[in-house]
Amino acid sequence: MIYDSITHAKQYQGLHAGIDQILEEVQKYTSENYPKEALHLNGNDVYMMFGCYETHPKEEAIAEAHQQYIDVMYMVEGEELIYVKHTEDLQNITKEYNPEIDALLGELDEDAMPILLKAGSFIVLFPQDAHSPACVVDSPMTVKKIVGKVRI
């Protein structure tokens with residue numbers, strides 16, 4: 001997992017070409033020019049989805065982990081908590097990994113680490129990083145978040 005401010009994105013250049021591409025591209029978007037459609041930067045190997053939704057209580061969270069894609073999440077507007085835990089340490093897997101949806105699902109464990117994703121910050125989540133995004137910080141709010149997908 002990598003968590004940082006977008007102002008430090010250049011420090012991670014060279015880690016993976018797809019991650020580089022996403023971190024450069026997300027900086028072009030604000031609340032004013034926020035798209036509604038997905039943007040494919042390199043077919044299905046590197047693409048971005050633009051979400052606008054209301055955060056939900058931690059009690060409604062589901063842990064997910066992927067094997068085919070790295071997630072690069074960038075908050076444009078608002079803030080949310082993303083709970084993260086090593087995939088192999090999840091205590092209650094509710095759906096084994098399904099390659100058709102590239103997801104393993106499980107209950108959110110109490111000891112998952114909360115990460116505050118606020119406007120201008122990003123997080124990179126690898127297959128070992130099970131995560132539960134979109135959780136309330138203080139009270140529900142509408143957020144605008146870009147989720148980049150980078151094929152491994």
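This passage describes the pocket, the cavity, the salt bridges and selected local features of a predicted model.

The largest pocket has a volume of about 160 Å³. Its lining consists of M49, Y53, E64, H66, D71, M73, P133, A134, K145, V147 and K149. Four strands each contribute at least two residues to this lining, namely strand 3 (46-54), strand 5 (69-77), strand 11 (129-135) and strand 12 (142-151). The greatest contribution comes from strand 12, with 3 residues. Classified by side chain, the lining of the largest pocket comprises 6 nonpolar, 1 polar and 4 charged residues.

Two of the lining residues of the largest pocket, A134 and K145, also appear among the local features of the model. A134, located in strand 11, has a positive phi of about 70° although it is not a glycine. Most residues other than glycine have a negative phi. With a relative accessible area of 10%, A134 is classed as buried, because the limit for that class is under 20%. K145, for its part, is buried at a relative accessible area of 3%. The side chain of K145 meets that of E80 in a salt bridge, with an N to O distance of 2.8 Å. This pair connects distant parts of the chain, E80 being in strand 6 and K145 in strand 12, 65 residues apart. E80 is likewise classed as buried, its relative accessibility being 0%. A further lining residue of the largest pocket is K149, whose C-alpha atom is separated by 9.6 Å from that of H40, although the two residues are 109 positions apart along the chain. H40 belongs to strand 2 (residues 39-42) and is partly exposed, with a relative accessible area of 45%.

A search of the whole structure returned 1 cavity of 30 Å³ or more. The space within the largest cavity amounts to about 30 Å³. Strand 6 (79-86) and strand 11 are the elements that give two or more residues to its lining. The residues that line the largest cavity are A63, Y83, V84, K85, L90, E107, L108, D109, A112, A130, H131 and S132. By class, this lining has 7 nonpolar, 2 polar and 3 charged residues. Strand 11 is thus represented in the lining of the largest cavity and also supplies at least two residues to the lining of the largest pocket.

In total, 7 salt bridges were found in the structure. Side chains of opposite charge can pair when their charged atoms come close. One of these bridges joins the side chains of R151 and D45, with an N to O distance of 2.7 Å. The partners come from distant parts of the chain, with R151 in strand 12 and D45 in the loop between strand 2 and strand 3, 106 residues apart. Both ends of this bridge are partly exposed: R151 has a relative accessibility of 32%, and D45 has a relative accessible area of 33%.

Another salt bridge is formed by D111 and K85, whose closest N and O atoms are 2.7 Å apart. D111 lies in the loop between strand 8 and strand 9 (113-118) and K85 in strand 6, so the bridge ties together parts that are 26 residues apart in sequence. Salt bridges with shared partners join K85, D109 and D111 into one network. The burial of the two bridged residues was also assessed: D111 counts as exposed at 52% relative accessibility, whereas K85 counts as buried at 11%. Within this network, K85 and D109 are also among the residues lining the largest cavity.

A positive phi was likewise computed for D102, a residue other than glycine, with a value near 50°. D102 is placed in the loop between strand 7 (93-98) and strand 8 (103-107). At 6% relative accessibility, D102 counts as buried.

At the surface, M1, Y3, M113 and L116 make a nonpolar patch of about 330 Å². Of these residues, Y3 is found in strand 1 (residues 2-5). Y3 is partly exposed, with a relative accessible area of 36%, and therefore exceeds the 30% threshold applied to patch residues.

How values were computed
Residues numbered from 1 in each chain as written. Predicted model: local features only at pLDDT ≥ 70, side-chain atom pairs only at ≥ 80, totals over all residues. Heavy atoms only, no water. Patch = residues over 30% accessible without salt bridge, like charges linked within 9 Å, V, L, I, M, F, W, Y side chains within 5 Å. Areas by Shrake-Rupley, 256 points an atom, 1.4 Å probe, with all protein chains shown as cover. Salt bridge = Lys/Arg side-chain N within 4 Å of Asp/Glu carboxyl O. Buried < 20%, exposed > 50% of the residue type's maximum accessible area, 1.4 Å probe, protein only. 1 Å grid on protein atoms, 1.4 Å probe; cavity = no way out; pocket = protein on both sides within 12 Å on 5 of 7 lines; lining within 4 Å. Points joined across faces, edges and corners; volume = space filled by probe spheres on them. Nonpolar A, V, L, I, M, F, W, Y, C, P; charged D, E, K, R; others polar.
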